[in-house]
Amino acid sequence: MREHSELRCRTISMNNGRSIPALGFGTLIPGLPDTLLATSTALEVGFRQFDCAERYRNEEAVGEAIQDALREGKVRREDLFIATKLWNNNHRPERVEPAFEASLDRLGLKYLDLYLIHTPFAFQPGDEQDPRDQNGNVLYDHDVTLLDTWKAMESLVDHGKCRAIGLSDIGLSELKPIYESARIKPAVVQVEAHPYLPETELLEFCKEKGVVFLAFAPLGHGMRPGPLEDPVVLGIAAQVGKTPAQVLLAWAVQRGTAVLTTPRTAARARENFDISALPEDALDEINRIQTRQRLNPVVTTGIPGFIPKGG
Ligand SMILES: NC(=O)c1ccc[n+]([C@@H]2O[C@H](COP(=O)([O-])OP(=O)(O)OC[C@H]3O[C@@H](n4cnc5c(N)ncnc54)[C@H](OP(=O)(O)O)[C@@H]3O)[C@@H](O)[C@H]2O)c1
């Protein structure tokens with residue numbers, strides 16, 4: 001990991017010889033106008049890592065914000081790190097490249113810095129993102145393995161429009177066999193992580209193998225009660241003169257993870273970008289928090305917990 005004087009500008013080396021800005025902006029935002037505005041604001045404030053997904057149904061709005069910033073000369077493409085994700089209905093190998101190309105097209109980009117398999121769960125192949133039977137049960141696809149899908153992801157890297165590939169919403173026991181079998185090793189693993197779900201074992205594995213651990217829900221999805229209102233976090237925030245959100249984001253970056261946050265207003269975007277390093281004893285104190293809570297059930301079923309409706 002390269003050290004920068006400013007925590008917010010820290011980057012983490014990836015196993016493809018490139019690096020990812022540690023502090024990232026997540027685009028799981030309901031509605032296209034709000035997505036466009038929030039993404040433009042995030043770019044303006046200084047975020048350079050962006051996390052998208054076909055499932056968020058707003059890639060065109062993220063793309064518009066990025067294209068505007070590029071056209072106006074506010075950023076250069078090479079300074080941006082853009083990731084998106086393959087959804088569960090596209091796990092069949094022959095569906096991977098078309099899904100990738102469609103995302104690229106909606107984002108208006110020529111290449112992606114990172115493409116992730118959104119969850120390890122394959123749903124019935126087709127255009128329906130949320131296929132259900134008449135009783136409302138999800139229709140899974142048992143005729144494709146995660147390794148089959150991974151091999152199709154590897155081909156995207158071979159073809160040159162995708163610089164790195166990875167996985168999301170995956171546990172260590174499912175990650176290990178993919179890691180062992182992969183010709184192109186996962187560069188990034190994106191999972192829920194915050195002081196109530198530190199995922200220490202997975203983080204250790206990732207550090208040992210040179211896989212970037214990318215944390216979502218660093219603010220506990222903003223849920224209250226939750227990490228934002230934890231007494232330890234509130235105490236440290238008061239002590240260092242930062243907000244609870246800034247404390248949680250700094251902790252995430254200082255423990256060596258990349259992180260995704262989704263501020264929707266300009267004030268919160270500035271706040272969440274303006275992080276600075278916490279003293280060691282504050283990090284230790286957060287590491288000693290005993291509360292354990294998973295907030296997003298997506299990892300157990302592949303069914304997203306926080307997807308905008310009808311977007
Ligand atoms: N791989 C997956 O399955 C998966 C699942 C979920 C999320 N993600 C990714 O992770 C990104 C991050 O989403 P998240 O929910 O995990 O983000 P988060 O930053 O942990 O939580 C966002 C919530 O926190 C609130 N918030 C933001 N800044 C705040 C601040 N400074 N003070 C107080 N509250 C604040 C927001 O409220 P307001 O909306 O009111 O501003 C929102 O309710 C998503 O956009 C997406 O890209 C991935």
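This passage describes the pockets and the nonpolar core of the structure. The model is predicted, so local features need pLDDT of at least 70 and side-chain atom pairs count only at pLDDT 80 or more, while totals for chains, interfaces and linings use all residues. Residues are numbered from 1 along each chain as its sequence is written, and side-chain values use heavy atoms, with hydrogens and water left out.

The largest pocket (an open set of points on a 1 Å grid over the protein atoms alone, where a 1.4 Å probe fits, with protein on both sides within 12 Å along at least five of seven lines) holds about 890 Å³ of space. Its lining counts 36 residues, with Leu-28, His-221, Gly-222, Thr-261 and Thr-262 the closest to the centre; lining residues have an atom within 4 Å of a point. By type, 16 of the lining residues are nonpolar, 13 polar and 7 charged. At least two residues each come from α8 (244-254), β10 (258-261) and α9 (266-273), and α9 supplies the largest share, 3 residues. Helices (H or I, at least four residues) and strands (E, at least two) are DSSP runs numbered from the N terminus.

The second largest pocket holds about 320 Å³ of space. Thr-11, Ser-19, Pro-21, Arg-48 and Asp-79 are the closest to its centre among 20 lining residues, which divide into 7 nonpolar, 4 polar and 9 charged.

Turning to the interior, the largest nonpolar core (buried residues, under 20% relative accessible area with a 1.4 Å probe, joined through side-chain atoms within 4.5 Å) has 91 residues. Ile-82, Tyr-115, Met-153 and Leu-278 touch the most other members, and α8 gives the most to this core, with 8 residues. Contacts of Leu-278 (heavy atoms within 4.5 Å) include Val-247, Ala-250 and Trp-251, not counting residues up to four places away in sequence.

Conventions:
Grid points are joined across faces, edges and corners, and a volume is the space filled by probe spheres set on the points. Ala, Val, Leu, Ile, Met, Phe, Trp, Tyr, Cys and Pro count as nonpolar, Asp, Glu, Lys and Arg as charged, and the others, Gly among them, as polar. Buried means under 20% relative accessible area, exposed over 50%, partly exposed in between (1.4 Å probe, protein chains only).
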